[in-house]
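Here are a few short exercises to work through with the model open beside you. Try each task before you read its solution.

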Amino acid sequence: MLDQITDTFLERLQKQIITDPNMTSIPLAYLMQLDIPDAIKHFFDQEVEIWLREEEEKFTATDRFDYDMPEVRMLIDQIFDQLKQNATFHITKFNHLLERAVKLEMNYLLEPHRTLSQFLFKDSPKISTMEVYDTFKYFFRFDYYKTAVSDYFNLKYMHDISQDQFDALLNQIDEKAFEENKIETTLSTVKTIMEFLSEAQQQDVNSLPVDVLFAMFRDRHLDEYKDALQKVMNSGSRSVLSFDEIESLLRDGTLGELEETDIQDKTEVIGFEKTENIEESKPDFSVAEIEVPESTITFEEEFEEEEEEYEEEQVLEEEEEEEAILEEEPSEPSAVAMDLADHVAKQISSDNPLEDLNELITGRLRRKTIKKLFKKKEDEFLDFIGRLNSLATWKDASRVIDDEFYERGINPYSKEAIAFSDVIYIRFFPKDKYVGSEENIERF
């Protein structure tokens, strides 16, 4: 069901945004003017912000000039403002990012604890509280998280937070949010999810698959309801529950199938229409009683992790330099581009245009993927690549990747996971990987 809703939501957004089949690029300014969800707009806005930070790092890396002079800083800001106003996404890159944005929003909706923790701490076990504030801009539901986190940071004068502290904080926030009216707050959460799915499909949704409900209860540590739902799953009697059945399960531990003689013992079901969503009910509680423990991440551990990453990069660079020495002297960039484009053109015209991923995932990416994602188990990496090579569409591959990442506990927002999935995406759109500048051509 969720896969179908995700696909429907993506198709609807694409139709709203790509109004001309001949569009080859999507300007950010154009996106920001459209009547699409704010979360989607912000995702693309932040993507451009990342581009700008990368550009700034390139020319401020040298100490030859003082880029912090007020006059210089003002000019740089003006340049970046102009660049951002004229930023565009190539159509293939846009479609891939749009899919990523929709999945991020869906994941947050169902499992906010896991999604926020992974998204925030994808590159470091400790981050600044300002980074937390910035990340919450991606999400426009369950506003009580943002409010409570902000209140807690202000109360404790926190300037940074580790992943274990953040996880503990979210757990305590939901404990406070649900403790006074547990059933009503849970039903309000269920209604919020259904309303989002209704918006995504543009049709009423008043039921949810039991596995989706189970993930929602598990993420929020609603163990009593998770156990009740587990019994339903074990019985195999239902794969989908309506809102009324969910309410009956929470209130009475049944699905509403009580005998007539027991009707006096049954709690009255309020129903979907009379239940407020979580934004309307606004769980109200104080964070004063919340106490997050000291971080288990030490300065030494942070330093060792950064040092290990640096040493690994040095080794990879040395290996690549040695490989480059053994290779013939490269052709001019334009000739390289022409050769690669010609190679792809031949692939597209062949009976089997899909390239072997073993030919795409090479060098540094291959080594880092095996080490970081597959824990140095090359045989498991090769087995997974073999499975992906047998698939004919990106939609199928995307689902296999999502499942594999989940089973392995891989953070899907880490730079290694994103780089890995990006190259796999390219396999299914080979003619687009060389569209654009020579810089984009040589990137792959």
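The exercises below look at two helix pairs and one residue.

This is a predicted model, in which local features need pLDDT of at least 70, side-chain atom pairs count only at pLDDT 80 or more, and totals for chains, interfaces and linings use all residues. Residues are numbered from 1 along each chain as its sequence is written, and side-chain values use heavy atoms, leaving out hydrogens and water.

**Exercise 1.** Work out how H18 and H19 are oriented to each other.

Solution. Start with the angle: helix H18 (residues 363-373) and helix H19 (residues 378-389) pack at about 115 degrees, their axes 9 Å apart. That makes H18 roughly perpendicular to H19 (65 to 115 degrees counts as roughly perpendicular). Next, find the contact (heavy atoms within 4.5 Å): H18 brings Arg366, Thr369 and Ile370, and H19 brings Glu378, Phe381 and Leu382. Sorted by class, these are three nonpolar, one polar and two charged residues.

**Exercise 2.** Do the same for H3 and H4.

Solution. Helix H3 (residues 38-60) and helix H4 (residues 70-85) pack at an angle of about 140 degrees, with axes 11 Å apart. H3 and H4 are therefore oblique to each other. On the H3 side you will find Asp45, Val48, Glu49, Leu52, Glu56 and Phe59, which meet Arg73, Ile76, Phe80, Leu83 and Lys84 in H4.

**Exercise 3.** Decide whether Thr115 is buried or exposed.

Solution. First locate Thr115 in helix H6 (residues 112-120). Thr115 has a relative accessible area of 2%, so Thr115 is buried (under 20% is buried, over 50% exposed). Finally, leaving aside residues up to four places away in sequence, Thr115 touches Leu104, Asn107, Tyr108 and Tyr413.

Note on methods. Axes are lines fitted to C-alpha atoms, for helices over the stretch in contact, and angles run from 0 to 180 degrees between N-to-C directions. Helices (H or I, at least four residues) and strands (E, at least two) are DSSP runs, numbered from the N terminus. Angles under 35 degrees count as roughly parallel, over 145 as roughly antiparallel, 65 to 115 as roughly perpendicular and the rest as oblique. Ala, Val, Leu, Ile, Met, Phe, Trp, Tyr, Cys and Pro count as nonpolar, Asp, Glu, Lys and Arg as charged, and the others, Gly among them, as polar. Buried means under 20% relative accessible area, exposed over 50%, partly exposed in between (1.4 Å probe, protein chains only).
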